[in-house]
Amino acid sequence: MEKHHQAAIDQFIARYKEDPALIAILLGGSLAHGFAGPNADIDLLLVVEEAEYQKRQSEQQLAFSLRDLCAYPGGYIDCKVVSIEVLRLVAARGSDPARYAYQDNKILFSRYADLDKLLAEITRFPIAEQKSRRQRFAAQLLAWKWYFNQAVEKENRYLLHLSIQKIVLFSCRLVLNENRMLYPYHKWLLRVVAQATLKPRNFEETLDRLLNAPNQELVELLCGAVLSFVGLEEKAIDWPNQFLVDSEWNWVEHEPPVDDL
């Protein structure tokens, strides 16, 4: 962290710490993860009383940015607001990206005695789901390998680029799953995967080659290496039915993701 980051954080804490609705301030984002450059923005999370959270939610004020506290070029503080109940909800059933948002967080200010324990619970890898995730991610990998072949056959450039992104995504998700690491969402995916101890030989090199010059030989090479790495055989995976449940029927029990509305 640069001195100008710390100066802006100190000013932020001084501005907000006397607010009676404030419970805690957390540092997250690239500064917390150790990914930040000299001019990175500052990601802060405000934990507030439930009534304040509900008020802000009704006013659509759960996210805001401040530029007046940053004295460096392009600097700003990106703020999000949650409550203890929201944190408990993330701990109970949050997605991997929702959980990863709290990984490496630094408590800058707190009136809540067990906040560190709650953060540890949030960022714990769901070991009980590891086996089922392995099967589900492998099914996605094979489904998108099929879509890639369709894209080549039909000369569909949109489908080709989408399928490559998905093949890379689920190859990485399988690697993270074997390492019991949370999926950080797309922005930091390759950087987090680079930290994984266990992975197929030349994994990152193969990903780079595939992203730069996609072709069927590389797709087969990557998919085969990843499935072997996780101890699965392609012929033993019923990917059409698993893909049906996880992707085509993702609207049955809850609202589908916005991509599929």
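## Pocket and helix exercises

β1 (22-28), α2 (29-33), β2 (42-48), β4 (77-83) and α5 each put at least two residues into the lining of the second largest pocket. Keep in mind that you're working with a predicted model.

**Exercise 1.** Work out which element gives the most to the lining of the second largest pocket, and how the residues there split by class.

*Solution.*
- Start with the space: the second largest pocket holds about 660 Å³.
- Next, the residues: 27 of them line this pocket, and Gly-29, Asp-43, Lys-80, Pro-97 and Ala-101 are the closest to its centre.
- Now the elements: β4 comes out on top, with four residues.
- Sort by class and you get 16 nonpolar, six polar and five charged residues.
- Finally, check the domains: domain 1 (3-123) and domain 2 (128-253) each supply at least three residues of this lining.

**Exercise 2.** Describe the largest pocket, then explain where it lies relative to domain 1 (3-123) and domain 2 (128-253).

*Solution.*
- The largest pocket encloses about 1,700 Å³ of space.
- Its lining is made of 37 residues, with Arg-136, Phe-170, Arg-173, Asp-246 and Pro-257 nearest the centre.
- Two or more lining residues come from each of α4 (84-93), α5 (96-100), α7 (130-154), α8 (157-178) and α12 (239-248).
- Of the elements, α8 has the largest share, at seven residues.
- By class, you'll find 16 nonpolar, nine polar and twelve charged residues in the lining.
- Last step: both domains give residues to this lining, so the largest pocket lies between them.

**Exercise 3.** Decide whether α8 and α11 are roughly parallel or roughly antiparallel, and give the hand of their crossing.

*Solution.*
- Two numbers do the job here: packed helices are described by the angle between their axes and the distance between those axes.
- For α8 and helix α11 (residues 216-229), the angle is about 20 degrees and the axes are 10 Å apart.
- Angles under 35 degrees count as roughly parallel.
- α8 and α11 are therefore roughly parallel to each other.
- As for the hand, α8 and α11 cross in a left-handed way.

How values were computed:
Residues are numbered from 1 along each chain as its sequence is written. This is a predicted model: local features need pLDDT of at least 70, side-chain atom pairs count only at pLDDT 80 or more; totals for chains, interfaces and linings use all residues. Side-chain values use heavy atoms; hydrogens and water are left out. On a 1 Å grid over the protein atoms alone, a cavity is a set of points where a 1.4 Å probe fits but cannot get out, and a pocket is an open set with protein on both sides within 12 Å along at least five of seven lines; lining residues have an atom within 4 Å of a point. Grid points are joined across faces, edges and corners, and a volume is the space filled by probe spheres set on the points. Ala, Val, Leu, Ile, Met, Phe, Trp, Tyr, Cys and Pro count as nonpolar, Asp, Glu, Lys and Arg as charged, and the others, Gly among them, as polar. Domain bounds come from an automatic or database domain assignment. Axes are lines fitted to C-alpha atoms, for helices over the stretch in contact, and angles run from 0 to 180 degrees between N-to-C directions. Angles under 35 degrees count as roughly parallel, over 145 as roughly antiparallel, 65 to 115 as roughly perpendicular and the rest as oblique. A crossing is left-handed if the near helix is turned anticlockwise from the far one by less than a right angle, and right-handed if clockwise.
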